[in-house]
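Biologist: Got a minute to walk me through this one? I'd like to start with what packs together inside.

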Amino acid sequence: MCLAVLNYAWTVRNKTINEEHTSISAAKWAVMVQPKKPPNIKTCYWDLPGKDIMKASTDGSSRDNPGRSGCGIIIRDDTARNIRGVQLKGLGITSSYMAECHGILNAAETAYKKGWPRLFSGCNYKLQ
């Protein structure tokens, strides 16, 4: 039954496009189109770290909580013009809080391995 409906809809669509040389509109099919809600855009600021301090911006997230998760970091120098490192990492199943923690720890580990003794790290996690 489902295949018959799809076949009919596809046949009508092709006939409409090929014979009438017009595109299908939502009004022709009597489909209610809801406009998408505009995104909530927030202003954010990135402050420069002090002299000779690397700044790591980290983020972690999970699909469901807990669920499949990952984290990412970007490390910039004190001028913010030079990106010194970028890392994305899948974490398996964990919470969003732990994903944020992994991001901060990965940034610290990277700074240690690269010989950067001073690192400022931040994340956007809010405890609720």
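Modeller: Sure. By nonpolar core I mean a set of buried Ala, Val, Leu, Ile, Met, Phe, Trp, Tyr and Cys residues joined through side-chain atoms within 4.5 Å. And keep in mind that this is a predicted model.

Biologist: Fine. Which residues make up the largest nonpolar core?

Modeller: Seven in all: Met 54, Ala 56, Ile 73, Ile 75, Ala 107, Ala 111 and Trp 116. At least two of these residues come from each of β1, β2 and α2 (96-114).

Biologist: What is Trp 116 in contact with, leaving aside its neighbours within four places in sequence?

Modeller: Met 54, Ile 75, Arg 84, Thr 110 and Ala 111. Met 54, Ile 75 and Ala 111 are also on the list for the core.

Biologist: OK, strands next. How do β1 and β2 pair?

Modeller: In the antiparallel sense, over 10 bridges. A hairpin of two residues links β1 to β2. If you want a place to look, Asp 59 stands opposite Gly 72 in β2.

Biologist: And which way do β2 and β3 run?

Modeller: Antiparallel, with 10 bridges joining them. There, Ile 75 has Gly 85 of β3 opposite. The hairpin of β2 and β3 has six residues between the strands.

Biologist: How many of the residues in β2 are buried?

Modeller: Seven of its 10, so β2 is mostly covered, counting a residue as buried under 20% relative accessible area.

Biologist: Now the backbone oddities. Where is there a cis peptide bond?

Modeller: From Asn 65 to Pro 66, with omega near 5°. Pro 66 sits in the loop between β1 (54-64) and β2 (67-76).

Biologist: Which residues have a positive phi without being glycine?

Modeller: Asp 52 is one of them, with phi at about 60°. Ala 80 is another, at about 70°.

Biologist: Where is Asp 52, and is it buried or exposed?

Modeller: Asp 52 is in the loop between α1 (2-20) and β1. Its relative accessibility is 57%, and the cut-off for exposed is over 50%, so Asp 52 counts as exposed.

Biologist: And where does Ala 80 sit?

Modeller: In the loop between β2 and β3 (83-94). Ala 80 has a relative accessible area of 27%, so it falls between the 20% and 50% cut-offs and is partly exposed.

Biologist: Switching topic: how much space lies in the largest pocket?

Modeller: About 200 Å³. β1 and β4 (119-122) are the elements that give two or more residues to its lining.

Biologist: Which element gives the most to that lining?

Modeller: β1, with five residues. The whole lining is Lys 55, Ala 56, Ser 57, Thr 58, Asp 59, Phe 120, Gly 122, Cys 123 and Asn 124.

Biologist: What does the lining look like by class?

Modeller: Three nonpolar, four polar and two charged residues.

Biologist: Lys 55 catches my eye. Is Lys 55 buried or exposed?

Modeller: Buried: Lys 55 has a relative accessible area of 10%, and that is under the 20% cut-off. Lys 55 lies in strand β1.

Biologist: What is Lys 55 in contact with, again leaving aside neighbours within four places in sequence?

Modeller: Trp 46, Asp 47, Pro 49, Ile 74, Ile 75, Arg 76, Leu 119 and Phe 120. Of those, Phe 120 also lines the largest pocket, and Ile 75 is part of the largest nonpolar core.

How values were computed: Residues are numbered from 1 along each chain as its sequence is written. This is a predicted model: local features need pLDDT of at least 70, side-chain atom pairs count only at pLDDT 80 or more; totals for chains, interfaces and linings use all residues. Side-chain values use heavy atoms; hydrogens and water are left out. Helices (H or I, at least four residues) and strands (E, at least two) are DSSP runs, numbered from the N terminus. Buried means under 20% relative accessible area, exposed over 50%, partly exposed in between (1.4 Å probe, protein chains only). On a 1 Å grid over the protein atoms alone, a cavity is a set of points where a 1.4 Å probe fits but cannot get out, and a pocket is an open set with protein on both sides within 12 Å along at least five of seven lines; lining residues have an atom within 4 Å of a point. Grid points are joined across faces, edges and corners, and a volume is the space filled by probe spheres set on the points. Ala, Val, Leu, Ile, Met, Phe, Trp, Tyr, Cys and Pro count as nonpolar, Asp, Glu, Lys and Arg as charged, and the others, Gly among them, as polar. Contact means heavy atoms within 4.5 Å. Two strands pair if DSSP finds at least two bridges between them.
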